[in-house]
Amino acid sequence: MIKNRIENIRVKLPANSAALFTNEADCFYLSGFNKSEGMVLITGNTACLFVDFRYIEAAKAACKDMDVKLTGAFLKDIYEVLKNENIKTVFIEGDSVTVKEAETIKSVFSGIEVSTELGIDKIVRDMRAVKDEGEISLIKSAQAITDRAFSYIQTKIAVGKTEREIALDLEFFMRGEGSEGVAFDTIAVSGKNSSKPHGVPGDKKIADGDFLTLDFGAIVGGYRSDMTRTVAIGTPSDKMLTVYNTVLKAQTEAIKAIEPGISCFDVDKVARDIINGAGFEGCFGHGLGHSVGIDIHENPSFNTRCKDLTKPGMVITVEPGIYLENEFGVRIEDMIVVTENGCEVLTKSERSLIIL
Ligand code: ZN
Ligand code: ZN
């Protein structure tokens, strides 16, 4: 697994060149060691994770197929390896190295060209987009915790509780079930607040007649989950039911359309056309979904700009929403994995409206 990933990078390297990865998620993906401020160097002969003293013991235990070197001065030690191997060009990740860091790298690697030309960030992100069985199994475990948390929280939601209390309760439950942290900042927004797609849970108390939108996820083995449900507190109005059922239909039809080789744009369009056709044009102002893995937002994404084609192994969310300013909002989000014939929905929670 790790060996294949290293080899996939290595075959793309021109003679006498090296790839230096500094993005934390990419370093985890390539080395197998999560959570470090390390750097991964891949050359024709070397595949090595450089870490400092704080991480060396854990890194040695985690890295089965990559060398681990203790360093107190990352770039100087890496420069020694480059000189010994007669490297002429080092490729770095243009999208995650700051201008200042690039200048430092250039000044330490004297006599060696430092370049972003090869696009090593794009190469590794394309690899990360297609999850292997081990990665999918971790994402499924994270999603199973998230589904259990949704069942649990339904027994705790009550008129008079604040959004913040609900968010905290969800997070506490997920940690107790083995989540390594929250996959992203938990969203719990009710009533008028639910019209803000990424509203922040606050002191607002849940009231009779509210919609409550919960968007949350867990982490297992460094891999994340992401789900959203909107539930009704008390009796929903006819308008609330119409909006909910429109979002549900958009999501159901988009999931049905997913198969290998379909353009991400076309999947987004299925949901968007249903929402616009129901008279809610302008009320679905975000993309239909995003890939999930080590990071919560990965590529490709289902949106109006992404023309990438889906491939088996991609794990992507399907999360249409309708947001009516100063009234309420509804979003329903599941994670799917693209399979050889279509897709498998990883989120097991009920999708039709739950009235509490
Ligand atoms: Zn979400
Ligand atoms: Zn999402």
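This report describes the sheets, helices, a hairpin and the cysteines of one protein chain. The structure is a predicted model, and every value below was computed from it.

**The six-stranded sheet**

Six strands come together in an open sheet whose order is β4-β3-β2-β1-β5-β6, and the pairing within this sheet is mixed. At its edges stand β4, residues 67–70, and β6, residues 113–115, each of which pairs on one side only. From one strand to the next, the twist averages 25°. The edge strand β4 is joined to β3 by four bridges in the parallel sense, and within this pair F50 has K69 of β4 as its bridge partner.

Helix α1 lies across three strands of this sheet, β1, β2 and β3, and runs at about 60° to β2. The helix α1, residues 2–10, also meets helix α2, residues 24–31: their axes come within 7 Å of each other and cross at roughly 115°. On the α1 side the contact is made by I2, R5, I6 and I9, and on the α2 side by Y29, L30 and S31. Sorted by character, the residues of this contact comprise five nonpolar, one polar and one charged.

**Helix α4 and its two sides**

Which residues of helix α4 are buried? In this helix, which spans residues 74–84, they are F74, L75, I78, Y79, V81 and L82. Because these residues cover an arc of only 160° around the axis, they lie on the same side of α4. On the other side of the helix, K76 and N84 are exposed. The buried residues of α4 pack against the strands β1 (17–21), β2 (39–42), β3 (47–51) and β5 (89–92), and also against helix α5 (99–108). Just after the end of α4, N86 takes a positive phi of about 60°.

**The three-stranded sheet**

A further open sheet has three strands in the order β7-β8-β11, and its pairing is antiparallel. The strands β7 and β11 (227–232) stand at the edges with a single partner strand each, so one side of each has no neighbour in the sheet. Ignoring direction, neighbouring strands of this sheet are turned against each other by 10° on average.

Two helices pack on this sheet. Helix α7, residues 133–154, touches β8 and β11, and its direction makes about 15° with that of β11. Helix α8, residues 163–176, touches β7 and β8, and its direction makes about 150° with that of β7.

In a regular strand, side chains alternate between the two faces of the sheet. Strand β7, residues 187–190, is covered on both faces, since I187 and V189 on one side are buried, as are A188 and S190 on the other. Four bridges join β7 to the antiparallel strand β8, residues 211–216; among the paired residues, I187 has D215 as its partner, and S190 has L212.

**The hairpin of β15 and β16**

Strand β15, residues 321–324, is likewise covered on both faces, with G321 and Y323 buried on one side and I322 and L324 buried on the other. It pairs with β16, residues 328–331, in the antiparallel sense over four bridges, and the bridge partner of Y323 in β16 is G329. The two strands β15 and β16 form a hairpin with three residues between them, and N326 in the turn has a positive phi of about 65°.

The bridge partners named in this report are gathered below.

| Residue | Bridge partner |
|---|---|
| F50 | K69 in β4 |
| I187 | D215 in β8 |
| S190 | L212 in β8 |
| Y323 | G329 in β16 |

**The cysteines**

How many disulfides does the structure hold? The structure holds zero disulfides. A disulfide is a covalent bond between the sulfur atoms of two cysteines. For C343, the closest cysteine sulfur is that of C264, and because it lies 12 Å away, it is too far for a bond. C343 counts as partly exposed because its relative accessibility is 23%, whereas C283, at 16% relative accessibility, counts as buried.

Key: Residues numbered from 1 in each chain as written. Chains lettered and ligands numbered in written order. Predicted model: local features only at pLDDT ≥ 70, side-chain atom pairs only at ≥ 80, totals over all residues. Heavy atoms only, no water. Buried < 20%, exposed > 50% of the residue type's maximum accessible area, 1.4 Å probe, protein only. Pairing = 2+ DSSP bridges. Arc of directions from axis to C-beta. Contact = heavy atoms within 4.5 Å. Axes fitted to C-alpha atoms, helices over the stretch in contact; angles between N-to-C directions. Nonpolar A, V, L, I, M, F, W, Y, C, P; charged D, E, K, R; others polar. Disulfide = S-S within 2.5 Å.
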